[in-house]
Structure formats: C-alpha cells, structure tokens
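Here are my comments on the model, set out as numbered points for you to read alongside the coordinates. Please keep the structure open while you go through them.

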Amino acid sequence: MAKQSIQQLLDTSPILQCPQCARRGEQVGLIAQGTSLVCTCALCAKVHRFDVSSRGSVNMVPAQKPLLGYTEQFFAARRAVIDHGWYSLLIEQVVQQVALVMDTMHKATPIRIADIGCGEGSYAKAIAQYCASRSIDAQVFGVDLAKDAIHVATTGGSQGVRWIVADLAALPFADQSIDIIVNVFSPANYSEFKRIQTSYGVVLKVVPEISHMVQVHRAVRQADAERTAEVSSALHERSAGDLFAQHASVKQQLRVTQQVEVQPAMQPLLARMTPVLFHREDSTALVSTIHEVTLDAMLLVGKQILE
Ligand SMILES: [Zn+2]
Ligand SMILES: [Zn+2]
C-alpha cells in the first residue's frame with residue numbers, strides 16, 4: 001500500500017513544478033527519481049529534492065516556521081468532529097457538485113482536482129472515494145501549508161489522494177494543469193488559481209455564512225461583554241464570498257446548514273478547532289456552556305474569469 005501511495009504521487013510529476021524555483025521566477029519541472037521528486041533546474045546552485053513519504057505525501061516547504069494555532073491538535077480535532085458526522089451535509093454537497101462538474105468534462109487525460117487549503121483532508125478524501133467508486137479517471141490532490149494538516153490527513157493512509165505541503169502563493173502545479181479547484185473555509189490566491197487552471201476549469205469555494213458557529217461567537221461576546229468581538233469571522237468571510245464573485249462568474253450557489261449536538265466529550269474538540277478560541281484562557285469554560293452548534297456555509301461554484 002505504501003509503495004502504491006508513493007507511486008501515485010511520483011506518476012503526477014509531469015504536471016508538477018518546483019515551488020522553490022518558482023519563488024525565483026523560474027518555471028521548472030519536477031522528475032521522479034527513486035522515491036523523490038527532483039527539480040530539473042540548471043540555474044539554482046542547489047538541486048531541490050522532495051522526498052515522498054510512505055504515507056503518499058511530499059513536503060515542498062521544508063523549512064517551515066510553526067503556524068500559530070494551526071497545530072496537529074487543531075487538525076486532529078477537526079478530523080474527530082467530522083468522524084462524528086459534523087459537516088457531513090457539506091461534504092456530501094461538495095462531492096455532488098464536483099461530480100456534476102466532472103460530468104461536463106470529456107477529456108483524454110485524467111480529471112485533475114486540487115483541494116487547496118485541504119486541512120485535515122476530509123473533502124479531498126471524499127472526492128477521491130467517489131471517483132474510485134465510479135471508476136472515474138481522476139487525480140485528486142490535497143494541498144496545505146501546514147505540515148501538521150497533511151500529517152493528520154495521511155494518518156491511516158493516503159486514501160487515493162496525493163498530499164502536498166505547499167504554499168498557496170507558490171503552488172507546485174504547472175500552468176493550466178488543474179481542472180477543478182476546491183477551496184473550503186480557506187484563503188484563496190486567485191492569481192495562482194488562474195495560473196494553474198485549465199481553460200475549462202471550475203472553482204468550488206466554501207465560505208462560512210452568517211450563522212456559522214453563532215453559539216461560539218455569542219459565548220465569546222457574552223464573556224467579553226463588549227462589542228469588539230462582533231467583528232465575527234462570518235462577517236469577514238462574507239467578504240470572501242464577494243471577492244470570489246469578482247474573480248469568477250458564479251454558476252451555482254448553495255447554502256448548506258447543519259445543526260449538530262455538542263456532547264460534553266466533544267467540547268474540548270470544539271475549543272481546539274475554533275480559531276476565535278485559540279488564545280483564550282477561558283476557552284474551556286466557554287465551550288462548557290455550548291451544547292449545540294450551527295454549521296452554516298455557502299458553496300459557490302464558478303468559472304474563473306481568465307480575461
Ligand atoms: Zn527547484
Ligand atoms: Zn531554480
């Protein structure tokens with residue numbers, strides 16, 4: 001199994017490019033060499049070599065500073081609540097929309113799908129699983145800057161996804177190589193999206209809606225008893241939806257709302273997976289008052305404006 005996961009990633013080398021060289025303005029391909037991806041650059045003093053792990057992942061940001069809050073605990077908590085059924089409606093809808101988009105694509109080569117900012121990897125896995133169950137010729141990538149995210153994602157195997165630690169600002173894909181970009185609760189980099197996307201490509205973006213985690217925001221607001229906390233992430237993310245509409249012609253908008261129970265055993269998970277609680281000493285006390293949360297998201301499907 002491990003060998004297969006490594007090979008799956010190595011086999012996609014023709015559409016990969018070296019992100020280290022890209023930072024210097026060079027577009028340089030990667031070739032498979034043993035169990036590594038090696039850049040073919042003749043200009044850089046040192047060859048860039050990225051080893052593929054037995055989990056089917058490759059780290060293309062080797063010297064990474066720790067990302068505050070976005071730790072293994074954070075991603076593991078996300079994975080645990082998803083295993084409990086949280087976000088199941090949203091995952092279902094994302095898979096369904098990807099399936100509809102794939103139906104419109106008639107290609108000689110595999111359909112290439114990249115979940116950019118994949119976090120703990122649930123969406124990428126669900127998409128890969130769907131493609132495998134229907135024998136659809138697809139290559140699914142899960143990309144995140146946090147190596148802890150990819151570590152959590154690959155615990156238990158690659159599950160048919162090619163996992164890459166990479167920076168949003170220097171994605172490891174060649175120009176016009178990705179057919180479907182998935183971007184869930186995660187920042188977008190539209191110039192990079194535009195560069196990697198095929199001319200008929202589609203972007204699926206998920207942004208939180210106004211009621212998302214409203215119970216947590218309410219608890220925080222009550223604890224602070226002041227208005228500062230009212231600049232909620234929902235407000236901030238709504239502008240992320242507006243930004244998407246500036247970069248893409250929106251073909252489909254779907255609101256997905258799910259009410260989930262927070263059992264006492266899950267309260268610590270909620271504290272760990274919610275950025276607004278990251279640096280609060282009272283996070284344990286806050287979540288102990290929360291017994292259900294609303295998951296509220298907008299799924300946007302659009303074609304990027306390539307001009
Ligand atoms: Zn390089
Ligand atoms: Zn170079």
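**Notes on the sheet and the annotated site**

1. Strand E2 (residues 36–39) and strand E3 run antiparallel and are joined by three bridges; strands here are DSSP runs of E with at least two residues, numbered from the N terminus, and two of them pair if DSSP finds at least two bridges between them. Within this pairing, Leu37 has Phe50 of E3 as its bridge partner.

2. Before going further, please note that this is a predicted model, in which local features need pLDDT of at least 70 and side-chain atom pairs count only at pLDDT 80 or more, while totals for chains, interfaces and linings use all residues. Residues are numbered from 1 along each chain as its sequence is written, and chains are lettered from A and ligands numbered from 1 in the order in which they are written.

3. The sheet as a whole is open and holds three strands in the order E1-E2-E3, with antiparallel pairing. Because E1 (30–33) and E3 (49–51) are the edge strands, each with a single partner, one side of each has no neighbour in the sheet. From one strand to the next the twist averages 25°, where axes are lines fitted to C-alpha atoms and angles run from 0 to 180 degrees between N-to-C directions.

4. On its other pairing, E2 is joined to E1 by four bridges, again antiparallel, and Leu30 has Cys39 in E2 as its bridge partner. The hairpin of E1 and E2 has two residues between the strands, and Gly34 there takes a positive phi near 60°.

5. The two faces of E2 are unlike: Leu37 and Cys39 make up the covered face, whereas Ser36 and Val38 make up the uncovered one.

6. An unreviewed UniProt entry carries the annotation "binding site" for Cys44 and His48, and such annotations may be inferred rather than shown by experiment. Cys44 is in the loop between E2 and E3, and His48 is in the loop between E2 and E3 as well.

7. How exposed are these residues? Cys44 counts as partly exposed because it has 14 C-beta neighbours inside 10 Å, and His48 is partly exposed with 19 other C-beta atoms within 10 Å; the cut-offs are 20 or more for buried and 12 or fewer for exposed, with C-beta atoms placed from the backbone. Setting aside neighbours within four places in sequence, His48 is in contact (C-beta atoms within 7 Å) with Cys18, Gln20, Cys21 and Cys39.

Methods. Two residues are in contact if their C-beta atoms, placed from the backbone, lie within 7 Å.
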